[in-house]
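Work through the exercises below with the model open. Each task is followed by a stepwise solution.

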Amino acid sequence: MDFISEAFEGLGHLFYIVNPFQTSFRTTDEVPHYVSRASTWFFALIVIERIILRKKGKSPPINDGITSMACGLFMEINNIALRGATTAAYVYIYEYYHIYELPWDSLWTWVACALGMDLGYYWAHRATHEVNLFWSQHQVHHSSEEYNLTTALRQGVWQGYSTMFYYLPMAFFIPPSQFFVHSQFNLLFQFWIHTEVIDDLGPLEWILNTPSHHRVHHGSTRYCVDKNYAGVLIIWDRMFGTFEAERRDEPLVYGLIDQVDSFNPFYLEFFYLRKVFQKMQSMSGLTNKLKAIFYGPGWVPGSPKLGHYDQLPETIVREKFSHPLTPHDQIYAAIHFLLLSEGYRLLATHYEEFDDWLLYACCAYIIVSLVSIGLMFNRNPWFPWVEMVRCLVFLGYQLHFKLFAAETIGINLVMNGVRLFYLYSALQCKIECVHQFREKTQKEKMK
Ligand SMILES: [Zn+2]
Ligand SMILES: [Zn+2]
């Protein structure tokens, strides 16, 4: 009987670990969250990179950059509203099953953790490219046709659930404090390598994952596919046979092989999951259906596990999806994105003051708002309708509170400026909606 009750207790623990809607344990204040804290530095570096690129005669489109940052914000929202599954699982294994306790303050533990973390990252990253279901989350990171610092922030929201298992063996030896710090360091390192501004780093190219190596990883022509999975050290790729140096004579084409034409972060997160399901449905027999889910994205019946590499395109010539934006639309999208980022920052720092339902409602509001900006970039006819409603919801929520409730005159002024901008946005969209409606009725009359 003891065994049965222990088994039930174990199941309870397992549910606690995998249940994403458990809000009693929010990661933001339980572990050092350097990535969130570094956002100001990220933003400053993104601005500096843009200035350098502009001087070189290149200017990456703002719609792509904002979409990448929107995906990053989406992922951060996931961190505040939902629990960090890796964190909970790691602590659980360490507490109940650790085999040997390495001292947390030893230099050797630090080195072992850094290497273990990076090796875990290599295999986790490789799995996201070699298992179709996991690729459905990682493809988000590869979906940009540009390659700059904002691309680093374009991440799949659910990716952590599929990659967490590669880090958990460390929990048998290494204390959680070391693991948390190194997991953040590993992520932070990968920010600066997403750039075309840095060319070649000489001897460092032998050991470190550099911008040059990672550019290859983001390429979609044949020689780039499934290469350079490294996080910090490129030695893993050299050891396991997945290394490929950048070829100066072959221009890199960034993005997916079948490029997705959308700037809607929600669509980018989930469209490929539908593709996996459709591929599975199109297969006959259970074995093929399972292979459609767990073999590589390029697998087809009769091919090797990862597909036929020799059939991949050696060169790709395609138009980028990006629609040009008017200066008004660029400023409009940038201001709304900055306001949403600031809204998220306030939510993340004051979340303890919110009821769960209000926290979820605010998170949902930010996500809908990010989608709305994406619809604008996509020139989707639903944009003015969604945008008008979300601006009115914001204004309605503001009216619910006293308009001059803030403690200082300065904050009152800023808040009223924000309200005016939302009012202007709602009115602009209302005009567009009326215009759309008139056009539609005129077309119907013509019929
Ligand atoms: Zn990748
Ligand atoms: Zn990358």
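**Exercise 1. Place F42, and find a partner far along the chain.**

Step 1. F42 sits in helix α3 (residues 39-55). Helices here are DSSP runs of H or I with at least four residues, strands are E runs of at least two, and both are numbered from the N terminus.

Step 2. Before going on, note the ground rules. The model is predicted: local features need pLDDT of at least 70, side-chain atom pairs count only at pLDDT 80 or more, and totals for chains, interfaces and linings use all residues. Residues are numbered from 1 along each chain as its sequence is written, while chains are lettered from A and ligands numbered from 1 in the order in which they are written.

Step 3. Classify F42. The residue is partly exposed because it has 19 C-beta neighbours inside 10 Å. The cut-offs: buried means 20 or more other C-beta atoms within 10 Å, exposed means 12 or fewer, partly exposed lies in between, and C-beta atoms are placed from the backbone.

Step 4. Take L153 as the partner. F42 and L153 are 111 residues apart along the chain, yet their C-alpha atoms are separated by 9.2 Å.

**Exercise 2. Do the same for N79.**

Step 1. N79 belongs to helix α4.

Step 2. N79 has 19 other C-beta atoms within 10 Å, so it is partly exposed.

Step 3. V157 is 78 residues away along the chain from N79, and the two C-alpha atoms are separated by 8.9 Å.

**Exercise 3. Describe the overall fold in numbers.**

Step 1. Count the elements: the protein has 18 helices and zero strands.

Step 2. Check burial. Of the 447 residues, 33% are buried.

Step 3. Check contact range. A contact is a pair of C-beta atoms, placed from the backbone, within 7 Å. Among contacts between residues at least 6 apart in sequence, 75% join residues at least 24 apart.

**Exercise 4. Dissect the largest nonpolar core.**

Step 1. Fix the term. A nonpolar core is a set of buried Ala, Val, Leu, Ile, Met, Phe, Trp, Tyr and Cys residues joined through C-beta atoms within 7 Å.

Step 2. Find the hubs. The largest core has 32 residues, and A70, F74, I366, L370 and I373 touch the most other members.

Step 3. Trace the sources. Helices α4 (62-81), α15 (327-349) and α16 (356-377) each supply at least two residues of this core. The top contributor is α16, with 10 residues.

Step 4. Look at domains, whose bounds come from an automatic or database assignment. Domain 1 (2-240) and domain 2 (327-446) each give at least three residues to this core.

Step 5. Zoom in on A70. Beyond its neighbours within four places in sequence, A70 contacts P265, F337, L370, I373 and G374.

**Exercise 5. Compare a database annotation with the model.**

Step 1. An unreviewed UniProt entry lists residues 357-377 as "transmembrane region". UniProt positions follow the numbering used here, feature names are shortened, and annotations may be inferred rather than shown by experiment.

Step 2. Over residues 357-377 the model is 100% helix and 0% strand, with the end C-alpha atoms 30 Å apart.

**Exercise 6. Characterise the packing of α17 and α18.**

Step 1. Helix α17 (residues 383-400) and helix α18 (residues 409-446) pack at about 145 degrees, with axes 8 Å apart. Axes are lines fitted to C-alpha atoms, for helices over the stretch in contact, and angles run from 0 to 180 degrees between N-to-C directions.

Step 2. List the interface. The α17 side includes W385, M388, L392 and L395, and the α18 side includes Y422, L423, A426 and C429.

**Exercise 7. Which loop residues have positive phi, and which is buried?**

Step 1. D226 is not a glycine, but its phi is positive, near 60 degrees. D226 lies in the loop between α11 (211-218) and α12 (235-240). With 18 other C-beta atoms within 10 Å, D226 is partly exposed.

Step 2. R379, also not a glycine, has a positive phi of about 55 degrees. R379 is in the loop between α16 and α17. R379 counts as exposed because it has 10 C-beta neighbours inside 10 Å.

Step 3. S220 lies in the loop between α11 and α12. S220 has 20 C-beta neighbours inside 10 Å, so it counts as buried. Its contacts beyond four places in sequence are V225, V253, Y254, G255, L256, I257 and I316.

Key: Two residues are in contact if their C-beta atoms, placed from the backbone, lie within 7 Å.
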